[in-house]
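Here is a friendly walk through two packed helices, the sheets around them and a ring pair. Please keep the model open while you read.

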Amino acid sequence: MSAGWFRRRFLPGGLLPAPGTPRPRASPVPYRRPRFLRGSGSGPGTADASRRPDSRPVRSPARGRSLPWNAGYAEIINAEKSEFNEDQAACGKLCIRRCEFGAEEDQEWVTLCPEEDEVIGRELEASGQVGGCTALVAVSLQGKLYVANAGDSRAILVRRDEVRPLSSEFTPETERQRIQQLAFVYPELLAGEFTRLEFPRRLKGDDLGQKVLFRDHHMTGWSYKCVEKSDLKYPLIHGQGRQARLLGTLAVSRGLGDHQLRVLDTDIQLKPFLLSVPQVTVLDVDQLELQEEDVVVMATDGLWDVLSNEQVARLVRSFLPGNREDPHRFSELAQMLIHSTQGKDDSLTGERQVSYDDVSVFVIPLHSQGQGSSGH
């Protein structure tokens with residue numbers, strides 16, 4: 001696909017003007033329900049603060065509406081920020097045409113990736129929008145499954161005797177060294193308000209002159225240093241696990257957008273620290289001896305906040321073998337995964353688990369999909 005195709009397909013008004021060229025202000029792009037959820041029977045406005053987690057509706061495609069590969073999908077609105085699920089989903093088939101390179105218009109795709117941040121930034125500015133998003137994408141092409149992730153969603157392959165991660169989350173904690181190195185090379189990005197060094201705890205004035213553990217960009221382990229006054233500044237990365245924050249603001253380190261995002265009450269930008277380049281994992285489907293219950297589970301962070309890869313795999317293996325005759329079983333499984341995050345007793349773990357974030361889940365069967373399949 002070319003850059004021109006990308007612009008015609010996704011950008012209002014078709015072609016994007018050159019940098020510095022004024023263009024009419026466009027209307028913000030509205031939230032939209034996934035097309036495959038139309039007719040699902042659940043209307044908007046059902047996610048209010050008075051609802052308990054276990055009573056909020058789980059949406060799934062209508063019984064007569066099937067997704068490519070008979071994939072399953074379900075979602076729930078927990079965050080109560082709007083009447084729409086902020087974890088937007090899409091799926092479909094693409095027809096990819098082979099073409100011989102040579103003509104100038106066929107070479108357009110080469111410039112698509114290098115200018116993509118720029119494209120999104122100018123489009124957001126033109127439409128008056130702010131904010132950003134993460135992305136998790138799976139593409140099936142000629143017997144291989146490509147999974148690209150820029151953010152904190154996750155995809156896993158679940159088989160009878162294996163659970164294989166197909167992506168990894170990008171957070172300030174997992175990308176500590178990259179972020180610290182950027183601050184080392186460009187210290188002006190910290191505006192004298194932050195320290196790039198990491199300490200096991202937030203330092204106080206009483207720590208001056210004391211020896212404490214620390215880590216810098218070139219270090220995988222910890223070492224000791226004497227605390228100086230500059231070490232008392234707020235840390236570039238603060239907190240641990242899902243509580244880790246970049247510049248005290250953002251919980252992810254890769255994504256799209258967020259060009260205007262700044263640290264509260266300052267002019268310090270977060271965008272220079274955010275990487276839009278995804279991690280891509282390639283699964284050679286044609287080389288796997290696939291079984292009927294082999295699936296890929298893709299879900300947003302609201303699911304993984306409370307369920308591990310192994311817990312999801314156990315739920316998949318406990319559900320699919322006994323429901324082989326149900327044509328809607330993969331959507332039923334996606335719904336069951338979400339129900340497992342609503343605070344109900346989990347018979348497999350004996351725990352009560354509650355997610356307070358929006359959740360979107362795809363369950364994609366791999367068996368009997370054929371070889372050399374077209375793009376999805």
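The axes of helices α5 and α6 cross at roughly 140° and come within 11 Å of each other. Axes here are lines fitted to C-alpha atoms, for helices over the stretch in contact, with angles from 0 to 180 degrees between N-to-C directions. That makes α5 oblique to α6, a class that takes what remains once angles under 35 degrees count as roughly parallel, over 145 as roughly antiparallel and 65 to 115 as roughly perpendicular. The crossing of α5 and α6 is right-handed, meaning that the near helix is turned clockwise from the far one by less than a right angle.

Before going on, note that this is a predicted model: local features need pLDDT of at least 70 and side-chain atom pairs count only at pLDDT 80 or more, while totals for chains, interfaces and linings use all residues. Residues are numbered from 1 along each chain as its sequence is written, and side-chain values use heavy atoms, with hydrogens and water left out.

Which residues of α5 meet α6? They are V312, L315, V316 and F319, facing R329, E332, L333, M336 and L337 in α6; contact means heavy atoms within 4.5 Å. By class, this contact has 7 nonpolar, no polar and 2 charged residues. Ala, Val, Leu, Ile, Met, Phe, Trp, Tyr, Cys and Pro count as nonpolar, Asp, Glu, Lys and Arg as charged, and the others, Gly among them, as polar.

Now to the sheets. Helices (H or I, at least four residues) and strands (E, at least two) are DSSP runs numbered from the N terminus, and two strands pair if DSSP finds at least two bridges between them.

| Open sheet | Strand order | Pairing |
|---|---|---|
| 6 strands | β1-β2-β19-β16-β6-β7 | antiparallel |
| 3 strands | β4-β5-β15 | antiparallel |

In the sheet of 6 strands, β1 (58–59) and β7 (162–165) stand at the edges with a single partner strand each, so one side of each has no neighbour in the sheet. Helix α5 (residues 309–319) packs on this sheet, touching β6 (154–159), β7 and β16 (295–299), and its direction makes about 45° with that of β6. Helix α6 (residues 329–339) lies across β1, β2, β16 and β19 (359–365), at about 30° to β2. Strand β1 is joined to β2 (residues 72–76) by 2 bridges, and R59 has E75 as its bridge partner in β2.

In the sheet of 3 strands, β4 (135–141) pairs with β5 (residues 144–150) over 7 bridges, and L136 stands opposite N149 in β5.
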